[in-house]
Amino acid sequence: ALFEKGLHGFGAVFAKRLFAPDEWFAYWRLNCILASYHAMNTKDSGYELEDKLSFLQACETNGVPASPWLTAPKLIIKHRNEEGGLGFQVFTNATAGGDWIIQRALVNSEHLAR
């Protein structure tokens, strides 16, 4: 929010966000930075599982349930009304050296969805 109770003006809100954040996103980012710094300095092998593909593969190897993923090397998504190669996207799977872990959309059970 640009304005908060007790803070007046953009500068005050900006300073609070920069020097005294109190929302979850700031704490999450700080945690990511500290974990990355610790991983870089300690070279601890446990951080290898921060890579999502490595994590999923380790789960599969060790029989730990995880969200399923597709192993097709590439996935092409086409727009139904665009022609001539304009309406498609190509995603190369991380299992084939790409950047994408390709998964079907999951739906929570009715009990969890409430």
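User: How many salt bridges does a search of the whole structure find?

Analyst: Happy to help: the search finds one. This is a predicted model, where local features need pLDDT of at least 70, side-chain atom pairs count only at pLDDT 80 or more, and totals for chains, interfaces and linings use all residues. Residues are numbered from 1 along each chain as its sequence is written, and side-chain values use heavy atoms, leaving out hydrogens and water.

User: What makes the contact of Asp22 and Lys16 a salt bridge?

Analyst: The term asks for a side-chain nitrogen of Lys or Arg within 4 Å of a carboxyl oxygen of Asp or Glu. Asp22 and Lys16 meet at 3.0 Å, N to O, so the pair fits that definition.

User: Why is Asp22 called partly exposed?

Analyst: Buried means under 20% relative accessible area, exposed over 50%, and partly exposed in between (1.4 Å probe, protein chains only). Asp22 has 48% relative accessibility, so it counts as partly exposed. Lys16, at 22%, also counts as partly exposed.

User: And why is Phe10 called exposed?

Analyst: Phe10 has 56% relative accessibility, so it counts as exposed.

User: Which residues of helix H3 are buried?

Analyst: In H3 (residues 52–61), they are Leu53, Leu56 and Cys59. Helices here are DSSP runs (H or I, at least four residues), numbered from the N terminus.

User: How do you know that the buried residues of H3 line one face?

Analyst: Seen down the axis of H3, they fall within an arc of 125 degrees, so they line one face of the helix. That arc is taken from the directions from the helix axis to the C-beta atoms.

Terms used. Helix = DSSP H or I, 4+ residues; strand = E, 2+ residues; numbered from the N terminus.
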